[in-house]
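Welcome to this short tour! Please open your viewer, switch to a cartoon view and get ready to select residues as we go.

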Amino acid sequence: MNNLTVVTQQYTDRDVITVAGEIDLHTCPALMDATSAVPPDGKALHLEMSGVSFMDSSGLNLLLRLHHRLRAEGRHLVIAGLQDQPTQVLLLTGAYDVLIPRAADAPDSSTV
């Protein structure tokens, strides 16, 4: 079984979830639980993924659903620290342009 570490932190201007390990069918529920536990407080949600070495279609689905949920709440999802393999998944599926805004469109993504 793959390991996934999820750490949630709340700041006055943003919520941060730091993820390390592999995001796949077996580990997605832990990440989904963490994202569901973050209150709909209007703050941006920063997902720090520099520790994620692998992501499958389950992880992609989770990110897209999270993006849509946050937009419905008037919030932004900021994804940072993507490694090569998760970046390739996003690029190959066309999700990169949806989840990673261009610099001019991005909300403030200063230090996570």
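Select residues 44-55 to light up strand β3, which runs parallel to β4 and is joined to it by 4 bridges. Helices (H or I, at least four residues) and strands (E, at least two) are DSSP runs, numbered from the N terminus, and two strands pair if DSSP finds at least two bridges between them. Now click Leu47: opposite it, in β4, stands Ile79.

A word on what you are viewing: this is a predicted model, where local features need pLDDT of at least 70, side-chain atom pairs count only at pLDDT 80 or more, and totals for chains, interfaces and linings use all residues. Residues are numbered from 1 along each chain as its sequence is written, and side-chain values use heavy atoms, with hydrogens and water left out.

Next, show the whole open sheet: its 4 strands come in the order β1-β2-β3-β4, with mixed pairing. At its edges are β1 (4-10) and β4 (77-80), each pairing on one side only.

Move on to helix α3 by selecting residues 84-93; its buried residues (under 20% relative accessible area, with exposed meaning over 50% and partly exposed in between, for a 1.4 Å probe and protein chains only) are Pro86, Thr87, Val89 and Leu90. Why are they on the same side of α3? They cover an arc of only 155° around the axis, the arc being that of the directions from the helix axis to the C-beta atoms. Turn to the face away from this buried side to find the exposed Asp84 and Leu92.

Last stop: Gly94, just after α3, has a positive phi of about 80°.
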